[in-house]
Amino acid sequence: MKPLRRRWIVTGAITILACTNTESPLPPAARLTFTVQPSNAAAGVPISPAVAVAIEDSFGHVVTSATHVVTLTLSPGGGVLAGPAAVSAVNGVATFSALGVDQAGTGYTLTAAAPGLAAATSTAFDIAVGPAARLAFTVQPSNANAGATIAPAVQVTARDAGGNTATGFTGNVTVAIGTNAGVGTLSGTTTVQAVAGVASFADLSIHKAGTGYTLTALSGALTAGTSAPFTIAPVPTALHITTTTTGMAVPTGYSLCVDAYSGSYSGSASGCGWSGPVGANSAVTVPVTDGSHSVELDVIPRNCALTGDTANPRIVTASGTTEVPFSVACLDTGSVHVTVTTTGTDLDQNGYSVCVNRAANNCFWGLHVLANDVASIGGVTAEPHTVSIGDVVGNCTVSGALTQAVTVPAHGAADVRFAIQCVVAERIAFSSVGTITVARLDGVSTVSVTHGFAPAWSADGTRLAYECDQDICAINPDGSGFAQLTTNAASNRHPTWSPDGSKIAFSVATGGVPDLWVMAADGSGAMRLTQGVGFVGSPAWSPDGTKIAFDCQVDAANDDICVVNADGTGFARLTNDPARDYGAAWKRDGSTLAFATTRFGAGAAEIVLMSSTGGAVTRIGAGLPGSEPTWSPDGSQLAFVRFDPFRQAFIFAAHTDGTNVITITSGDGPAWKPHP
């Protein structure tokens, strides 16, 4: 028999068998209970009193004979349990005497688990930062020149036993040379009072060159810290940097960055071996070591640009006094006046981006505009440019070119207009971790609607029917208009709307046996349509309203696709294959059914197509793995579910020939929204 992925809740009578033996056996172990809850503690310190978990029977009595291994896990992530987290029960109780948490945090809980027993979750508890125990360099001393300030400022942090910053520590911290690679002397303020556990040393320097220096940090009884090795370079040679600026609207000066640190960014003084101002037509001499150096001219106004050698930063090899010239030309400026108009349906509320180029940079000046907006980009150089619009979502189209050529006049404005037309955006309803969600296929918006499973759209796209616990409910896609349509809690599943929106078909399991039922859209007049025909579930109403397809088992343990008339008559079996056929979906013109089947290999499901009257099955391309198909309104695409190796469900979409497969989101039970 092939396993079925079905979710049934079976109800029925309970039969009690009377026994003649007067001695009843003790109830078996059934569940775990925290008898000593975790209390608040400091990071890295055992929780006291010791956490205890009892193994109880279903009546709440401790099963003293139980010796299960009880395992604790910590939530949420961030902290790690210290000490034994798996303990064998003694006399039915597992005691965790050395349990602690390494990271400070609030709202931690413990979960106790043991094979065959119901798990238990503790009350919440907090882990506070412990007392300062050791010192650590959190900003290491970086390489510097002899006599120069070590930058960025060295930082030493006091940490507790768990590695958390001891924010309450305000003691004095003293740094000294540890490994004295060059017989140097440490200068500057070497003793600093910590603030919130951190001591910063902003003016340290070593007067003598050497490779492999280290610093040590001391404070009373705290464990000392040692820095990473660093190098103090000899007294440098010099770079002679000159600037020559011509043109209009010339600035007063710029900023220089020599030898930017790896990962720094332009204009960051803390990221440079040397930084400082330089005039628009001026010169600066900067001491450097022999060898290769970078020199960057920063804070260049956007109306100005380097000419001649435009490399910035410049890479130069210093030996003695090395000349580094920069030439800058500046232009007058004007502005670009942008008008954007958007019409149609489903306008993008996030708006668009507008870019103006300069040379090879297509977005030298940029601006965000709304769907219908008027805005100006100022400070644009007075010369020819291209203006482009971007971030236009997939359901919208720009009328005309995305890029327009303009010439910006000095002290004037160049006008640019973009007209955009939008159509209905494709949306899919689905369930994600028990929440009904509606998402646009282009990812622009995702709306959580309500708790539930298996959403189904009404034909006009204004309502969603879905599974709400054991019943069927309906709601508007914005979360309003909730209505519970069934109240019998009889495993009501898989709702599907009639095309005219007046009825809903669904599955009902009475006494553990499912059948097809139908009711009015307001929940009234529920009646059974099938009985004894092997109905399993997943009903799907035909677009013309005359038939309902569903999963069936005419032969025991063999899933096929069957169909009945909308009044319950005319039962027909559409597939008859030893493999599983399940989860049929009607194409909007009623001509074709898409469903999942395992008939093409090793129990793995793929989506296939078949005439709605039955007959031959057609694979999609070389095989389209997935299940739970749903058609796009125009019949050109299918959305469906695939599982990753960890059995997490994801929703995909593809053209009906199997091409253009895209991932939409995680979740299952997709339902493509009809167009109004």
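**Exercise 1. In this predicted model, work out whether Cys363 is buried, partly exposed or exposed, and do the same for its disulfide partner.**

Step 1. Cys363 has 36% relative accessibility, so it counts as partly exposed. The cut-offs behind this are under 20% for buried and over 50% for exposed.

Step 2. Now find the partner: Cys363 is bonded to Cys355, with the sulfur atoms 1.9 Å apart.

Step 3. Cys355 counts as buried because its relative accessibility is 13%. The link therefore joins a buried cysteine to a partly exposed one.

Step 4. For the handedness, look at the S-S bond: a torsion of -65 degrees makes the link of Cys355 and Cys363 left-handed.

**Exercise 2. Describe the disulfide of Cys304 and its place in the chain.**

Step 1. Cys304 is joined to Cys330, at an S to S distance of 2.0 Å.

Step 2. The torsion about this S-S bond is about 110 degrees, so the disulfide is right-handed.

Step 3. Locate the two ends: Cys304 belongs to strand E29 (residues 304-307), while Cys330 belongs to strand E31 (residues 321-330). The two are 26 residues apart, and the pair links distant parts of the chain.

Step 4. Check the surroundings: both Cys304 and Cys330 are buried.

**Exercise 3. Find how the bonded cysteines pair along the sequence, using Cys468 and Cys473 as an example.**

Step 1. The whole structure holds six disulfides.

Step 2. Number the bonded cysteines in sequence order, and the pairing reads 1-2, 3-4, 5-6, 7-8, 9-10, 11-12.

Step 3. Take the example: the sulfur atoms of Cys468 and Cys473 lie 1.9 Å apart. The torsion about their S-S bond is about 75 degrees, so this disulfide is right-handed.

Step 4. Cys468 counts as buried at 12% relative accessibility, and Cys473 counts as buried at 1%.

**Exercise 4. Lay out the open sheet that contains E32 and say which strands stand at its edges.**

Step 1. The four strands come in the order E35-E32-E39-E37, with mixed pairing.

Step 2. E35 (373-381) and E37 (396-399) each have a single partner strand, so they stand at the edges and one side of each has no neighbour in the sheet.

Step 3. Averaged over the sheet, with direction ignored, neighbouring strands are turned by 25 degrees against each other.

Step 4. Inside the sheet, E32 (residues 333-344) and E39 (residues 413-422) run parallel, joined by ten bridges. Val336, for instance, has Ala414 in E39 as its bridge partner.

Technical notes: Residues numbered from 1 in each chain as written. Predicted model: local features only at pLDDT ≥ 70, side-chain atom pairs only at ≥ 80, totals over all residues. Heavy atoms only, no water. Pairing = 2+ DSSP bridges. Axes fitted to C-alpha atoms, helices over the stretch in contact; angles between N-to-C directions. Disulfide = S-S within 2.5 Å. Buried < 20%, exposed > 50% of the residue type's maximum accessible area, 1.4 Å probe, protein only.
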